[in-house]
Amino acid sequence: MRTRQVIRYTLLTLAIGAGTALMNTQHEEKTEYHPRDYAEIAESGVLRAVTEYNSVSYHVTGDTVEGFDYELLHAFATDKGLRLELHPVMSFEERLEGVCQGRYDLLAAGTLVNTRSKDSLLFTRTLLQGKQVLVQRKSAGPDDSLFLRNQLDLAHKRLYVVKGSPALLRLHHLISEMADTIYIEEVEQYGQEQLLAMVAGGDIDYAVCEERIARNLLPEFPELDTGTDISFTQFYAWGTGRRSPALLDSLNAWLDTYIPSRAYQQLLRTYFKKTT
């Protein structure tokens, strides 16, 4: 039963990605993109953003579009009188590349702020704080050699992570700190939620994911454990291209007024409850 759920979820995600790509193929083939700043975006009346399709950022339930990043972005676009053009893309590398090339104006998915990602993006003020956690199955007993609670026990284990994920920097630092080997498998075709499903289904033993996404799915996968931290608490934000400082300033000015609002606090309660 669980295997069928995993397959259905994966196929749904891939179908959405393929459908989005198909709908935009003709337009993209005829369009030469370049990085835009706020003045050009406002003149066009369209804000092009990219996000990840998952239960936290953006998803479709029945005929309703939901998600923390979607609702926050929709509020910004509405306040600025802009039409929102939102593209769900599973690959972090594709999202980053699309913003840097100007295909998208904004990476509107909580993105880890670190030295590597700051080389490519200008980040908004912090939206969330969180950790990278180890996703594994719950212990089957005191003799369960697969269950890990100490980072040092990751030596010679195989960890799966989304290709190009900012978590890779932390993992490589951890390898250096341990002076030992961790086998890292970068997965290109799946997102974090699919990796969780694969751990739950027994296809893989360990994945590294963002805490808020992992814990959001624990009710669906009660056999999973996310109690082993991979990183300390880190900052997550949206990112613009480095040639879009006015867009960044506009976003930050708007966030400065919106984050203290009741609407934002309700948004946090809706999507994160006690996980932030």
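In helix α6, the buried residues (buried meaning under 20% relative accessible area, exposed over 50%, and partly exposed in between, with a 1.4 Å probe and protein chains only) are Ala 167, Leu 168, Arg 170, Leu 171, Leu 174 and Met 178. They sit on the same side of α6, because they cover an arc of only 160° around the axis, the arc being that of the directions from the helix axis to the C-beta atoms. As general background, an α-helix has 3.6 residues a turn, so residues three or four places apart point the same way. The elements named here are DSSP runs numbered from the N terminus, with helices (H or I) of at least four residues and strands (E) of at least two.

These descriptions come from a predicted model, in which local features need pLDDT of at least 70 and side-chain atom pairs count only at pLDDT 80 or more, while totals for chains, interfaces and linings use all residues. Residues are numbered from 1 along each chain as its sequence is written, and side-chain values use heavy atoms, with hydrogens and water left out. The average pLDDT of the chain (the predictor's confidence in each residue, from 0 to 100) is 88, and 88% of the residues score at least 70. Over residues 1-28, by contrast, pLDDT stays under 50, and the model has 24 contacts beyond four places in sequence for this stretch, a contact being heavy atoms within 4.5 Å.

Returning to α6, the helix runs over residues 167-178 and has 12 residues. From its first C-alpha to its last it reaches 17 Å, close to the 16 Å expected at 1.5 Å a residue; the expected span is 1.5 Å times one less than the number of residues. What lies over its buried side? The cover of the buried residues includes the strands β5 (106-112), β8 (132-137), β9 (158-162), β10 (183-187) and β11 (207-210), along with helix α5 (115-118). Just after α6, Ala 179 takes a positive phi of about 55°.

Salt bridges add a second set of links: 11 are counted, each being a side-chain nitrogen of Lys or Arg within 4 Å of a carboxyl oxygen of Asp or Glu. One of them joins the side chains of Arg 149 and Asp 225, at 2.9 Å from N to O. Arg 149 lies in the loop between β8 and β9 and Asp 225 in strand β12, so this pair ties together parts that are 76 residues apart in sequence. Arg 149 is partly exposed, at 44% relative accessibility, whereas Asp 225 is buried, at 12%.

Another salt bridge pairs Lys 163 with Glu 188, their closest N and O atoms being 3.9 Å apart. Lys 163 belongs to the loop between β9 and α6 and Glu 188 to the loop between β10 and α7 (192-200), 25 residues apart, and the pair links these distant parts of the chain. Lys 163 is partly exposed at 28% relative accessibility, and Glu 188 is partly exposed at 49%.

In helix α8, Arg 215 and Glu 211 form a salt bridge with a closest N to O distance of 3.2 Å. The two residues are four apart in α8, so about one helical turn separates them. Glu 211 is buried, with a relative accessible area of 9%, while Arg 215 is partly exposed at 31%.

The loop between α8 (211-216) and β12 (224-229) contains Leu 218, which is partly exposed with a relative accessible area of 24%. Beyond four places in sequence, Leu 218 touches Leu 224 and Thr 226. Its C-alpha atom is 9.3 Å from that of Leu 196, 22 residues away along the chain.
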